[in-house]
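Q: I'd like a close look at one part of this model: the largest cavity and what surrounds it. Walk me through it slowly, and then set it beside the other hollows and the aromatic pairs.

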Amino acid sequence: MKRLHFSGAMLGLTVLLGACSSPTPPSASTFSLTVRLDGVTSAPVTVTNTTTNTQVFSGTLEGSKTFGSLKAGDVFKVEGGAVNTSVTPTAQSVTLDADKTVTLAYARAGNAVVADRIAGKISGNTFKIARVILNASTQPPFGVADVDATNSFDLDLSGQTPPARGFYLLTEGCTATGANTNPTVRVWGNSILDAYGPQGDHLGTVEERVISGAGSLAPQTRILRMYAQADTTFQGTCSYDSWYGSTPFSEDYDITLKAGWNALAVTESGNHYVYRNIGSDTRTELRFFSAEPGVSVSLNPATLTFKSDDAVTVDAQLTQVGGYSGTVTLKTDDPNLTVEPSTLTLPALTAQAVKTEATGGRLAELGLSPQSLTRKLTFRYTGSENTSRSFSLDVLDASGNRVGGGYGSLVVQRPGIHLSTYASSGLEVTPNSSVRFSAYLSSTGNFSGPVTLRMEGLPEGITADTQTVNLNGSASGELTLTGGETLTPGEYAATLVAEGGGYSARSTVKLVVPKPTVSVQVQNPYSGVSVYQGTAGSVRVNVSGNAGFKGSTTLTLTGLPAGVSANPVTVNVVANATTTVDIPLQVEAGATLGSSSVRVTGSDVRPSNFPGSYETFQLNVKPARTLIGTISSPAPAADGIWFTADNTYNSASGGYQTTFRRFAGGKTAQEVKFNNVSSQLLPIPGGDVYVLSSGANTVYRLKDDGTTTLLTAPSANRLSFGAVDSQGRVWFIQSVGEQVGAYTYGLCRWDPATGSVTTVDTTRSYGYGGNSQDFKVSNDGKFVVYRGSSYAKPLLIDTTTAAIREMTSATGSIDSVAVSNTGEVWFTVYGRPTRVNADGSATTFNLESSLSLVGFDQQNPQLLWATGSGAAFRINPETGGATSIPTDGGSGILNRDGGVSLLTNEYVGGSYQSYLTVLR
């Protein structure tokens, strides 16, 4: 190392100079940096010393924070992180040459919502948007705003009223619930703006989407501008079954509208929409949603008219939807209609400014310059027939996929023949059969002359004749189609051809060769089929072939209720004939009671396409029943029922012998024979019955075991029409005197213990009293109701005290009566049941319209039995409610052990036989 040497004088001078100069203060080595938040209370913050590339702080900063002892002169970078609903501020860098403060200012993201204004910058679009329109479907459009170079617009709706035809009621067309303070207020609403390019291309839509505030958690929430004609509040729902063919949807409202413009939040979830008022803190942004890219074609004129073989040229305007561009192919859906040029190249859309001039038409209404891609298209028609129909002009991409198009009308009016037929909708042809159809001809271009009708393209096995007609203005003809022995089922398109004078016309005829099937018809399907628990049944079906069917087919039953089954049945069907078959039914003892709709089906069965078809019938499952023969005069026994089984003349005794039979437990339990007695039995409370001789001069008391007791005969001839009380006494009506040649009748009582007859009452009109239905007795025999003639007031007789009370509330023609052990009386008038209440008033119940009361259950006093049309009814006497049990109707007898025995008559084997059904 090289050394520097100084002299002693120089060294001394240096020290002297240093001692004489002014002192310089030392410079600061550290400063502080304060970071402060504005607009938010906390945010993620990073502070970095970029001079040394070291991190001073990284984390959540609350309000503000000061960082001390930072090296002077170093450069520090302060970065704020993202905070929900706020715009992240730009990072700041400072040189620490003094104590410094950095403020991170967070501004709320999005735009404030103004009811009568839509403004802001659009996000999400690639192509240049020149204009947005709130409602482009009206003329002129409503709510139009230009989009500037910054991709922003300002649509001021204040002072503007929407088109009148767009107003509607909030609940129009829906099933509404809830409260609407002014349901007649009409409103107009829209939440979507259509976006157009500089040349009028429809690019897509712009929506004002909520990003913070009310509804911000729902990604589908958007702002709806609604104009109301008056103030109203609506809290409720609207349900739409369909809206112009759309799928059903529903709406939920909780809104308050002021007259004029309102801003609402709309949240969409599937087919459900929720409408709410927005809060003052709601912030939004304008988002662009691109339309499905494609091409729209408009022809001018839209109708192509060919009066000769010459081509027709029209103007075509092609609109590039959603910014579509590239090479496309044009093609119609009619092979006889071609278009030139068939290939076009659509230029890519550019960010051109909106031109100031307009050339009129729809684009002029939008305030846009016309689409630059306007072409002349030339169409040629090579078909030979005259026609008038619509066609579609399809736009195809390079892969042959349809990306758009347009529509037009084709009219061909060349001289020739016009042909039509109703057979175009379908003709059915079956084997070995013929069908005729008509063809209608008319002249075009003054054509006249002979025209021949024929068929082309007939399927194998079907032939047709021809016919020539003279056409002069109009004419018609008929052709016959004939099916052969064997035809293949299916649908075929044949062609009807009319030719004459070098001209021709064609019309498609749809031919249907049906599959050979069978038709089934249940005999008496409307009356139904009845089966009974624990027995077998059947349903009778007529089977015939269709469309040449013959051979075997298998039939099955569907829709059978639980507990009923039927095995498939195979039937041999003869052509042109009807075969009858019985399908057996097996019914379990616990099969479900009631009616079921059952259908006869099979792989060959042709179903009918209307309700109540012949292959469908009602299957009625009813309670088990037992055939008990020809009977009459049933009466309850202690166990089962007594009835008259036979009443025949005995030549040996010179009188009639009557057989009484007791039936219990499903079989005959006892049989007793009497000579010269009435077939009418009088039931005694407790189970015995009275057997009366003719004229009632002999009375027997018959027990269940067949033993009898001979009683003291009364001097009465109308005893058999009476009722027996709890003491075995018979209450009946008989003559008690004669006045001016007329008999007087009174209420009488026979006491078997003494044989005496007591006249109980003669103060009332008792009538003739010669009907077994005139008296009805309670189960315990303590109350008897006498109803006499149909329109007489019923009398309630207390058999213990002989007190008599007239049922004044009973009016009308009384059909049937029932009385409980407590004296509660029910009656029917024209089948409608009425209860006489304790206070004497009457309550009529709206039940089955043809009820006949049987009586109160002997074991359950809270059950009243009745019969009706095809059913028995269990009535709750307190509520009047009823349940039904399907039956064959008939008369009812109360069982001593509870329930009811129903007796029905049915014509069996040449005579009427009785069936017994026991219900509990």
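A: Here goes: the cavity comes first, then the sheet, the pocket and the aromatic rings. Keep in mind that this is a predicted model.

The largest cavity has a volume of about 60 Å³, and the count of cavities of 30 Å³ or more comes to two. Around the largest one you'll find Y532, K622, P623, R625, T887, D888, G889, L902, T904, Y915, L916 and T917. That lining is a mixed bag: five nonpolar residues, four polar and three charged. Two elements give two or more residues to it, namely β79 (900-908) and β80. The top contributor is β80, with three residues.

Now for the strands. An open sheet of four strands runs in the order β53-β80-β79-β78, and the pairing is antiparallel. In general, strands of a sheet pair through backbone hydrogen bonds, either parallel or antiparallel. At the edges sit β53 (626-629) and β78, each pairing on one side only. Ignoring direction, neighbouring strands here are turned by 35 degrees against each other on average. Zoom in on β53 and β80 (residues 911-919): the two run antiparallel and are joined by three bridges. T626 is the residue to click on, since this residue stands opposite L916 in β80. L916 is also one of the residues lining the largest cavity.

The edge strand β78 takes us to the largest pocket, as β78 (891-894) is among the elements that give two or more residues to the pocket lining. The others are β54 (632-636), β58 (677-683), β62 (723-724), β66 (775-777), β70 (814-819) and β74 (852-856). Of these, β74 gives the most, with five residues. About 990 Å³ of space lies in this pocket. It is lined by 42 residues, and the closest to its centre are P683, Q773, F775, K776 and G892. By class, the pocket lining holds 21 nonpolar, 16 polar and five charged residues.

The second largest cavity has a volume of about 40 Å³. Its lining is made up of I118, L134, N190, S191, L193, E208, I223 and R225, which split into four nonpolar, two polar and two charged.

On to the rings, where the count comes to 22 aromatic pairs. F142 and W261 make a stacked one, with 6.3 Å centre to centre and 10 degrees between the planes. F142 lies in strand β13 (residues 142-146) and W261 in strand β23 (residues 260-269), so this pair ties together parts that are 119 residues apart in sequence. Both F142 and W261 are buried. Try Y907 and Y912 next: their ring centres are 5.0 Å apart and their planes at 70 degrees, so that pair counts as edge-to-face. Y907 and Y912 are both exposed. Back at the stacked pair, F142 and W261 belong to one aromatic cluster together with F167, W188 and Y227.

Key. Residues numbered from 1 in each chain as written. Predicted model: local features only at pLDDT ≥ 70, side-chain atom pairs only at ≥ 80, totals over all residues. Heavy atoms only, no water. 1 Å grid on protein atoms, 1.4 Å probe; cavity = no way out; pocket = protein on both sides within 12 Å on 5 of 7 lines; lining within 4 Å. Points joined across faces, edges and corners; volume = space filled by probe spheres on them. Nonpolar A, V, L, I, M, F, W, Y, C, P; charged D, E, K, R; others polar. Pairing = 2+ DSSP bridges. Axes fitted to C-alpha atoms, helices over the stretch in contact; angles between N-to-C directions. Phe/Tyr/Trp six-rings, centres within 6.5 Å; stacked < 30°, edge-to-face > 60°. Buried < 20%, exposed > 50% of the residue type's maximum accessible area, 1.4 Å probe, protein only.
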